[in-house]
Amino acid sequence: MLNSVYQLITPKTISVKHEDVDTKDQVIIRPEYLALCHADQRYYQGKRDIKILRKKLPMALIHEACGRVIHDPTGTFKVGQSVVMIPNIPGNREEKVIYENYGKGGGFLSSGHDGFMREFVNLPADRVVAFDDIDKRIAAITEFISVGMHAYLRFSLISHEYKNSIGIWGDGSLAFIVSSILKKKYPDTKIIVIGKNTSKLSQFSFVDETILADDLEEGFNVDHAFECAGGEGSFYAIDNIIKYINPQGTVMLMGVSENKVPINTRDILEKGLTFVGSSRSGRVDFENAIKFMEDKSIQRRLKSIIYETDEVKNISDIHKAFSVDIDTDFKTCLLYNLRAHETVLDLVCRLLLE
């Protein structure tokens, strides 16, 4: 089966690659809605180390998507069924105590392997999860929500029983998802979001309290904390957390930083803190994310942070979507209706103009 893959070959340059897809024992899915991630933007803008870019490009971006099944020789799904796709390629499955997203030898679509920006996606049946009665624009961010679900799962197994208050440092999409999950899982716990942007914090109306990081006072404290800042904000968030968290609290590190972050180990030792790195997710997290999103009130909440771009019909529309995403506070979602013959023509025109 001939497929078209839309690869980033150098920063801000996308080309189409045609390849023959083996459909044996693979579920074939037509992507319908895609969502952009900060990781996609870092590749697209060329804001990764040049050695990493040389190693991983060319590569199709996007690891958040939903679509519909068009062929399934395994008989697991029905043709036309709505599904979400799991980008994680499990590592050594014999390591039963290791989650699939951390196993040695694993991989990830849109990070060293082609992501979902293709005409069709072929995946093993266990990398596909069906859903029903969820807005597809919301279903498109299932992978993102599953990351929050994975962090919650690990936190629930590691943290001590005192959970009078939990602080989330960060005011972006990740903080929004994590605080939504925690408020659902721990309704009697005081959920506090600490951020830098007043406008963004106004979106967190469902939590118990929002505080500007600069307004934190000496008497403030939380039992546990989630670091969702990432980037240059990681240092300040982690430093704040160490200062204000109660003894023996659990700190979930979720924000990605390109640079090394200095940490105050003296206070970590004095307080007996537990730091846990949490990244990506596995099938069970996707299944839990789907259950979470089936709640209509949660769907309404999630819809408030999703901005839908114009329909993507050609490569120029992909560039527009990435451009729009830069100025979007939370999540950018796009209706994906890209056809190979259109994009080839678009590419020819673009090259002629350049």
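Modeller: Before we start, one term: a residue counts as buried when its relative accessible area is under 20%, as exposed when that area is over 50%, and as partly exposed in between. Please also keep in mind that this is a predicted model.

Colleague: Understood. Is Cys-228 buried or exposed, then?

Modeller: Cys-228 is buried, because its relative accessible area is 8%.

Colleague: Which cysteine sulfur is closest to that of Cys-228?

Modeller: The closest one belongs to Cys-37, and at 13 Å it is too far from the sulfur of Cys-228 for a bond.

Colleague: And what about Cys-66: where is its closest cysteine sulfur?

Modeller: That sulfur is in Cys-333, 7.2 Å from the sulfur of Cys-66, which is again too far for a bond. Cys-66 is buried as well, with 0% relative accessibility.

Colleague: How many disulfides does the count come to?

Modeller: The count comes to zero disulfides. The cut-off for a disulfide is a pair of cysteine sulfur atoms within 2.5 Å, and the closest cysteine sulfur to Cys-66 lies at 7.2 Å.

Colleague: Let us turn to charges. How many salt bridges are there?

Modeller: The count of salt bridges is 19. One of them joins the side chains of Glu-258 and Arg-42, with N and O 3.4 Å apart. Glu-258 sits in the loop between β16 and α8, whereas Arg-42 belongs to helix α1 (residues 38-45), so this pair ties together parts that are 216 residues apart in sequence.

Colleague: How accessible is Glu-258?

Modeller: Glu-258 is partly exposed, at a relative accessible area of 40%. Its partner Arg-42 is also partly exposed, at 22% relative accessibility.

Colleague: What does Asp-126 pair with?

Modeller: Asp-126 forms a salt bridge with Arg-127, at 3.4 Å from N to O. Here Asp-126 is partly exposed at 28% relative accessibility, while Arg-127 is buried at 5%.

Colleague: And which residue is the salt-bridge partner of Lys-320?

Modeller: The partner of Lys-320 is Asp-317, and the closest N and O atoms are 3.9 Å apart. The two are separated by about one helical turn, because they stand three residues apart in helix α11 (residues 315-326). Lys-320 is exposed at 52% relative accessibility, whereas Asp-317 is buried at 14%. Elsewhere, Lys-17, Glu-19 and Asp-114 are joined into one network by salt bridges that share partners.

Colleague: Now the strands. How much of β19 is covered?

Modeller: Strand β19 (residues 331-335) is mostly covered, with four of its five residues buried.

Colleague: How does β3 pair with β19?

Modeller: Strand β3 (residues 27-35) and β19 are antiparallel and share three bridges. Within this pairing, Tyr-33 has Leu-335 as its bridge partner in β19.

Colleague: And in which sense does β18 run relative to β19?

Modeller: β18 (residues 306-308) runs parallel to β19, and three bridges join the two strands. Ile-306 has Lys-331 of β19 as its bridge partner. Between β18 and β19 the chain passes through α11, in a right-handed β-α-β crossover.

Colleague: Which strand is joined to β15?

Modeller: Strand β15 (residues 224-227) is joined by three bridges to β16 (residues 250-253), and the two run parallel. Phe-226 stands opposite Met-252 of β16. The chain gets from β15 to β16 by way of helix α7 (residues 233-244), and this β-α-β crossover is right-handed.

Colleague: What is the bridge partner of Met-252 in β17?

Modeller: In β17 the partner of Met-252 is Val-276. β16 and β17 (residues 274-277) are parallel and pair over four bridges. Together with helix α8 (residues 265-271), these strands make a right-handed β-α-β unit.

Colleague: One last topic, the surface. Which residues make the nonpolar patch?

Modeller: Val-97, Ile-98 and Tyr-102 make a nonpolar surface patch of about 290 Å². Ile-98 is placed in the loop between β7 (88-89) and β8 (107-109).

Colleague: What is the relative accessible area of Ile-98?

Modeller: The value for Ile-98 is 39%, so this residue is partly exposed.

Technical notes: Residues are numbered from 1 along each chain as its sequence is written. This is a predicted model: local features need pLDDT of at least 70, side-chain atom pairs count only at pLDDT 80 or more; totals for chains, interfaces and linings use all residues. Side-chain values use heavy atoms; hydrogens and water are left out. Two strands pair if DSSP finds at least two bridges between them. A crossover is right-handed if, with the strands pointing away from the viewer, the path from the first strand over the helix to the second runs clockwise. Patches are made of residues with over 30% relative accessible area and no salt bridge: like charges are joined within 9 Å, nonpolar side chains (Val, Leu, Ile, Met, Phe, Trp, Tyr) within 5 Å. Accessible areas come from the Shrake-Rupley method with a 1.4 Å probe; for residues, only the protein chains shown count as cover. A salt bridge is a side-chain nitrogen of Lys or Arg within 4 Å of a carboxyl oxygen of Asp or Glu. Buried means under 20% relative accessible area, exposed over 50%, partly exposed in between (1.4 Å probe, protein chains only).
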